[in-house]
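Have a look at the sequence and the coordinates below before reading on. The notes afterwards walk through a few local features, one group at a time.

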2 protein chains.
Amino acid sequence: MSAYTEFIQTTEDIYRLSAIAGHLGWDQEVLMPQKGGEARGEMMSWLAKEKHQKLTSETYGHLISILEHDSALSEDEKSNVREMKIAYDKAKALPVEFVAKYAQRRSNALRAWQEARAKSDFSLFLPHLKELVQMTKEKIAFYPPTETPYDALLDEYEFGMKVSDYDPLFSGLKGRIVPLLQSIIEAKKHRDTIQLPSGMVFSIESQTRFCTEVSKRMGFDFDAGRMDQSTHPFSSGLWKGDTRFTTRFDESDPFSCLYAVMHETGHALYEQGLPHEYAFCPRGQAVSLGVHESQSRFWENQIGRTASFWKVVLPLLKKEFPEMPHWDAESLNLLANDVEPGYIRVEADEVTYNLHIMIRYEIEKMIFNENLPLEDIPQVWNSMMKDWFDLDVEDDANGCLQDIHWSMGAFGYFPTYTLGNLYASQLLDAMSKEIGDVTTMIESGNWHPILEWLRDKIHDHGSLYTPAELIEHATGQPPTAKPFIEYLEGKYAALYGLDL
Amino acid sequence: MSAYTEFIQTTEDIYRLSAIAGHLGWDQEVLMPQKGGEARGEMMSWLAKEKHQKLTSETYGHLISILEHDSALSEDEKSNVREMKIAYDKAKALPVEFVAKYAQRRSNALRAWQEARAKSDFSLFLPHLKELVQMTKEKIAFYPPTETPYDALLDEYEFGMKVSDYDPLFSGLKGRIVPLLQSIIEAKKHRDTIQLPSGMVFSIESQTRFCTEVSKRMGFDFDAGRMDQSTHPFSSGLWKGDTRFTTRFDESDPFSCLYAVMHETGHALYEQGLPHEYAFCPRGQAVSLGVHESQSRFWENQIGRTASFWKVVLPLLKKEFPEMPHWDAESLNLLANDVEPGYIRVEADEVTYNLHIMIRYEIEKMIFNENLPLEDIPQVWNSMMKDWFDLDVEDDANGCLQDIHWSMGAFGYFPTYTLGNLYASQLLDAMSKEIGDVTTMIESGNWHPILEWLRDKIHDHGSLYTPAELIEHATGQPPTAKPFIEYLEGKYAALYGLDL
């Protein structure tokens, strides 16, 4: 057996264990009975341990050390070796008992968070958060030193990114977003806002039908996937022919579900479009969280929050919700793009969204670089919400308990959401240059060319390139915030008649 | 590390892989999107291979060979060694490639069967069945010789049972059942039968509520389990705090769902009652299919098909189905015990049920001991249905395609259903002697003492004893058909006023 064949067999075993953990994670959030949590946690821990053992075996390390200098490998093969070398080095740094314990703690914390959020009681989550942060600090200490401790976490979620990258990026963005937000708030004072009449009930059945139709039109193949319900919407690749995403329902507001579905379908289309001949190795995997998020945000915002989109789905909306006011596409679009500082990140408009991310980024930086006492999180959170949004958080469920990420130990994850927003605008620019005006295309109702372009430029490549290389390959230029700022300013200037 | 500790660690790894396969099997039948089948098959095959490798490793074999002669082990420990020695010997007989291929084929066959059954087209299933039978014959050839080839399969599903045990048992049973059936059919000619009015619709929502209530009353803990829908109802142990069963709905007949739920809840109660401190080793597992079936049949028949049961659930039935005729408990019980030769095993009454099993047993015996050409199965099936039941099968979905078992390669499984019926009556006898008249207890509506007795006599013991030992331990006598025959004749003599 060649070294590469042997390497790829173990690689596939590792990815199979990850895929099983992904499946059990999906089940845990969608279906698992409450008392199943403890045993599920043990099982997740066991899977993590098995995976860690395979990944860190001497034989596997030896194979990688041979293959990383093998110039006869194809580009596809090289990308597998490159990615597994990164994973191997990270895993090798962590003792196996640590990995198992960490997985178990994450699973317990997830259940504690669910309860804490339901009861809006941070104190229920705090002991679990303390354990996770403590273990995450231990994890950082196991890794090679970085400029700041938090950098070690940032790099895990978007290869090569660190505080010295994000700090200027975020301050630059904030410098353009805050004035834009102020202009919009000012403009809104002088015009009537459009609102859903209170007291209306939008049935879950109708919302399900409506959102399923939109997801299908985007190109999601329901014979190769499912849509279910969970507290926090998410998407899960599972494996070939089986991609699942979830949504949530608010019976007083169908837009909440719609944009969750468009967002998660965006993720799920990426998963359905990956090259399945490389199913259980990096070449067939999504390259990064930032790129993943570019796909979800592209469909949610660049497609879904446009008047053209609303022209297409208006008949469907009227059919499912005949009692809704008779708004035209432009009015619906204004409603869908209403800018209003709010408590909840996943329901934020495109202008305030990245400010939500920055709050989380700043708090995580405080936790890992300045040892913020975790008891203080609600207070820090709430005071930033007051400073940035002029909002008083009265309820941790609408504050620092709203996101699932910390309960999963996913510190350093949030900034990738902003990267996704930047990439999405950059992709829209490049797409328009190649396949023509996207607005016209959305309005035609035939969105296949859009999906085809994304398949060709992003999905097909899996992890062949690094994230930055992939974006450059797809758009002709390295990642940049410029298209996003121009997109945002252009869009809201037109919507609110601003003179920026 | 002691030999036993090392042995139990690998044993737990093996059971964890089985538990994952069980979970994925549950998902495959309940939720999996259609196009996910191929990858699911590959995953099942991979799990089977991993499990096989662990089970057949030299180290593990060596540990077993030391431990099977270790008299210092506790009885619990000895039962783990005993059961794993059996599993090891069987697994060692099969090459790893064979095991992986067999799992893959089973997964493909399951999907083919689902389609074939839906279209009632045996030819769609035939090529898959041929592959499975061919591989099963290869499997028999790998095993040590048995009196007849089919014996090797029978032993897999109920330890120690063979054709020379079943042949006299079945002919004895048939000798009593056939005259009983004839007496009943004769008696029915002279009395009005009670029937559900045609055209009534029993909504799935009402059936779900009704059956959930019954399942709860039996003692099923819904915080530690789920009820879902699948083509073929089944129960799956998964793991501690997570036991799942499925049912199916017929909108024209709520009894079909009710008895499926009582049956599957019986299985699920066994799983919920197993000693979870031995979760991933034999001591914490159900001991055999026959004993498992005794639990499901006990609740379905000895409890569920009695007038006492109907007295308890009558108010619930009236609440959910107010449009139903105003029958009393005795009438409902007559309806629930109506004896009528029919096509479908899982809907058969207690008199004809074991004849359905015998048809399958006879056909399997022909396949493996007489090389029956598989093309001939529909014809053989249909001619036996004509001879035994005077029924013309016009539709393979109601004939030889009705059961899932063959599509899972589960040849030799069916006879354990009859064992379950025998054990159930034997348990009822013993229970009555110890906790008093069970009929009175059912009618009281407090069924906890019944469940407690089963927990104490059966569930708690896991695989501590062999199946026959367990039944003897619980009832004071070895397995016997006598209580079942007496139960059946007594019950139907009373229901139909027979003079036997």
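What follows is an informal tour of a predicted model, taking in a sheet, some backbone angles, a few side-chain surroundings and the cysteines.

**The sheet in chain A**

Let's start with the strands. Three of them make up an open sheet in chain A, ordered S1-S3-S2, with mixed pairing. The edges are S1 (225-229) and S2, each of which pairs on one side only. From one strand to the next, the twist averages 20°.

The mixed character is easy to trace if you take the two pairings in turn. S1(A) and S3(A) run parallel and are joined by five bridges; along that pairing, Gly225(A) has Thr243(A) in S3(A) as its bridge partner. On the other side, S2(A) and S3(A), the latter covering residues 242-247, run antiparallel and are joined by three bridges. Here Ser235(A) sits opposite Phe245(A) of S3(A).

S2(A) and S3(A) also form a hairpin, with two residues between the strands. In that turn, Gly241(A) has a positive phi of about 80°.

Is S2(A) mostly buried or exposed? Four of the five residues in this strand (235-239) are buried, so the rest of the structure largely encloses S2(A). As background for anyone looking at the side chains, those of a regular strand alternate between the two faces of the sheet.

**Positive phi outside glycine**

Most residues other than glycine have a negative phi, so positive values are worth a look when you scan the backbone. Asn371(A) has a phi near 55° and lies in the loop between H14 (350-370) and H15 (377-389) of chain A. Over in chain B, Ser120(B) is not a glycine either, yet its phi is positive at about 50°. Ser120(B) belongs to the loop between H5 (96-119) and H6 (122-142) of chain B.

**How accessible are the residues picked out here?**

The table puts relative accessible areas side by side for the two loop residues above and for others discussed below.

| Residue | Relative accessible area | Class |
|---|---|---|
| Asn371(A) | 52% | exposed |
| Asp338(A) | 28% | partly exposed |
| Ser120(B) | 25% | partly exposed |
| Asn333(B) | 8% | buried |
| Cys281(B) | 3% | buried |
| Cys257(B) | 0% | buried |

**Two residues and their surroundings**

Asn333(B) is part of H13 (residues 329-336) of chain B. Which residues does Asn333(B) contact, once neighbours within four places in sequence are set aside? They are Arg305(B), Thr306(B), Ala307(B), Trp310(B) and Leu495(B).

Asp338(A) lies in the loop between H13 (329-336) and H14 of chain A. Leaving out residues up to four places away in sequence, Asp338(A) touches Lys188(A), Asp349(A) and Tyr496(A). If you want a longer ruler, the C-alpha atoms of Asp338(A) and His276(A) are 40 Å apart, with the two residues 62 apart in sequence.

**Cysteines**

How many disulfides turn up in a search of the whole structure? The count over all chains is zero. Cys257(B), for one, is in no disulfide: the nearest cysteine sulfur belongs to Cys211(B) and is 3.6 Å away, whereas a disulfide here needs the two sulfur atoms within 2.5 Å. Cys257(B) counts as buried, at 0% relative accessibility.

Note on methods: Residues are numbered from 1 along each chain as its sequence is written. Chains are lettered from A and ligands numbered from 1 in the order in which they are written. This is a predicted model: local features need pLDDT of at least 70, side-chain atom pairs count only at pLDDT 80 or more; totals for chains, interfaces and linings use all residues. Side-chain values use heavy atoms; hydrogens and water are left out. Buried means under 20% relative accessible area, exposed over 50%, partly exposed in between (1.4 Å probe, protein chains only). Two strands pair if DSSP finds at least two bridges between them. Contact means heavy atoms within 4.5 Å. Axes are lines fitted to C-alpha atoms, for helices over the stretch in contact, and angles run from 0 to 180 degrees between N-to-C directions.
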